[in-house]
Amino acid sequence: MPNPRKRRAGTAGAAGPDSKRPAGKHTKTRKPTGTSTRVGDSSPEKTSASKNCGNNQSSYWLMKSEPQSRIEKGVDVKFSIEDLKAEPKQTACWDGVRNYQARNFLRAMKLEQKAFFYHSNCKEPGIAGLVKLQWLYSKIVKEAYPDHTQFEKNNPYYDPSSKEDNPKWSMVDVQFVRLMKRYITLTELKANHQAHKATGGPLKNMALFTHPRLSVQPLTPEEFEFILSLEEKEPS
């Protein structure tokens, strides 16, 4: 979420160089999707997979970010859930999303909706905690607003084709809710996904596996509740 320079409330999700930036962000550039961003999320082109990934009516989400340092164009794109927790008011903007489907999911998010904070592009990818959507200002009625990093020439997420009067990319503000009671690894999620494909369980169509390149993904209520229940159990 962090961004290369002092920014508003977040940095790696979607923030435009406009005056709507949340106050109290840090100066790094958040890597919204970790490997996912580089593998597919950073590409503006839609894939056939992303076209069919869920719908924009979800109330639950999974959002990927890189917890380990990685320098891109001179900027450290690291942003972990611990970094979010350390932010003023534990709030940051989710900037840097450069995939149209993922951007549309950001635009579909509503105030107070919950998302899993997923650590990506690291030794052990997995779900580290929970965040919720925040307003930029207390009376604003738009959850998504222009991502400022698209206009910053020295930013890894700079997009010369985007115009300030018609910005392509959006971001939301997220606030730390809590850490998971235990880290839910990608390996554990994948094992459940494989089992549920055979049994018809809640993770059978989870976007993390059917559309893994997206850095912002919708979750069904059943997926969200099942994953939440895993923290109460010993990993299998």
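**Exercise 1. A lysine to start with**

Is K64 buried or exposed? Work out its setting in this predicted model.

*Solution.*
- Step 1: place the residue. K64 sits in strand β2, which covers residues 60-65.
- Step 2: check its accessibility. K64 has a relative accessible area of 3%. The cut-off for buried is under 20%, so K64 counts as buried.
- Step 3: look for a polar partner. A polar atom of the K64 side chain lies 2.6 Å from the backbone oxygen of P212.

**Exercise 2. The chain as a whole**

Describe the overall make-up of the chain before zooming in again.

*Solution.*
- Step 1: take the secondary structure. The chain has 7 helices and 10 strands.
- Step 2: take burial. Of the 236 residues, 57% are buried.
- Step 3: turn to the surface. About 10200 Å² is exposed, and carbon and sulfur atoms account for 51% of that.
- Step 4: ask how far contacts reach along the sequence. Taking contacts between residues at least 6 apart in sequence, 75% join residues at least 24 apart.

**Exercise 3. Sorting the aromatic pairs**

How many aromatic pairs does the structure hold? Classify the pair W94 and F117, then the pair F116 and F224.

*Solution.*
- Step 1: count. There are 5 aromatic pairs.
- Step 2: classify W94 and F117. Their ring centres are 5.4 Å apart and their planes meet at 80°, so this pair is edge-to-face.
- Step 3: see what the pair links. W94 belongs to strand β5 (residues 91-94) and F117 to strand β6 (residues 114-119), so the pair ties together parts 23 residues apart in sequence.
- Step 4: check burial. W94 is buried at 0% relative accessible area, and F117 is buried at 0% relative accessibility.
- Step 5: classify F116 and F224. With 4.7 Å from centre to centre and 25° between the planes, this pair is stacked.
- Step 6: see what this one links. F116 is in strand β6 and F224 in helix α7 (residues 221-230), so here the parts tied together are 108 residues apart in sequence.
- Step 7: check burial again. F116 is buried, with a relative accessible area of 0%, and F224 is buried too, at 3%.
- Step 8: look for a cluster. Y60 joins F116 and F224 in one aromatic cluster.

**Exercise 4. Finding the core**

Which residues have the most contacts inside the largest nonpolar core, and which element gives the most to it?

*Solution.*
- Step 1: take the core itself. The largest nonpolar core has 24 residues, and M63, L84, W94, L106, M109, V172 and V216 have the most contacts inside it.
- Step 2: map the core onto elements. Those giving two or more residues are β2, α3 (81-86), β5, α4 (100-108), β6, β7 (126-134) and β9 (170-185).
- Step 3: pick the top contributor. That's α4, with 4 residues.
- Step 4: follow one residue. Leaving out residues up to four places away in sequence, M109 touches W61, M63, L133, E143, V172 and V216.
- Step 5: look for a further core. Another one, of 17 residues, lies apart from the largest core and includes I184, L219, F224 and L230.

**Exercise 5. A closer look at α4**

How many of the residues of α4 are buried, and which residue caps its N-terminal end?

*Solution.*
- Step 1: count. 7 of the 9 residues are buried, leaving α4 mostly covered.
- Step 2: name them. The buried ones are Q101, A102, R103, N104, F105, L106 and A108.
- Step 3: find the cap. N99 caps the N-terminal end, with a side-chain oxygen 2.9 Å from the backbone nitrogen of Q101.

**Exercise 6. Cysteines and an aspartate**

How many disulfides does the count give? Then trace the surroundings of D76.

*Solution.*
- Step 1: count. Sulfur atoms would have to lie within 2.5 Å, and the count comes to 0 disulfides.
- Step 2: check two cysteines for burial. C93 is buried at 0% relative accessibility, and C122 is buried at a relative accessible area of 15%.
- Step 3: place D76. D76 lies in strand β4 (residues 75-76).
- Step 4: list polar partners. The D76 side chain makes a polar contact with the side chain of S69 at 2.9 Å, and a polar atom of the D76 side chain lies 3.0 Å from the backbone nitrogen of K78.
- Step 5: compare sequence with space. D76 and P156 are 80 residues apart in sequence, and 9.5 Å apart in space from C-alpha to C-alpha.

How values were computed
Residues are numbered from 1 along each chain as its sequence is written. This is a predicted model: local features need pLDDT of at least 70, side-chain atom pairs count only at pLDDT 80 or more; totals for chains, interfaces and linings use all residues. Side-chain values use heavy atoms; hydrogens and water are left out. Buried means under 20% relative accessible area, exposed over 50%, partly exposed in between (1.4 Å probe, protein chains only). A polar contact is a pair of N or O atoms within 3.5 Å; within protein, one must be able to donate a hydrogen and the other to accept it, and residues adjacent in sequence count only if both atoms are side-chain atoms. Contact means heavy atoms within 4.5 Å. Accessible areas come from the Shrake-Rupley method with a 1.4 Å probe; for residues, only the protein chains shown count as cover. Rings of Phe, Tyr and Trp (its six-membered ring) pair if their centres lie within 6.5 Å; planes under 30 degrees apart count as stacked, over 60 as edge-to-face and the rest as tilted. A nonpolar core is a set of buried Ala, Val, Leu, Ile, Met, Phe, Trp, Tyr and Cys residues joined through side-chain atoms within 4.5 Å.
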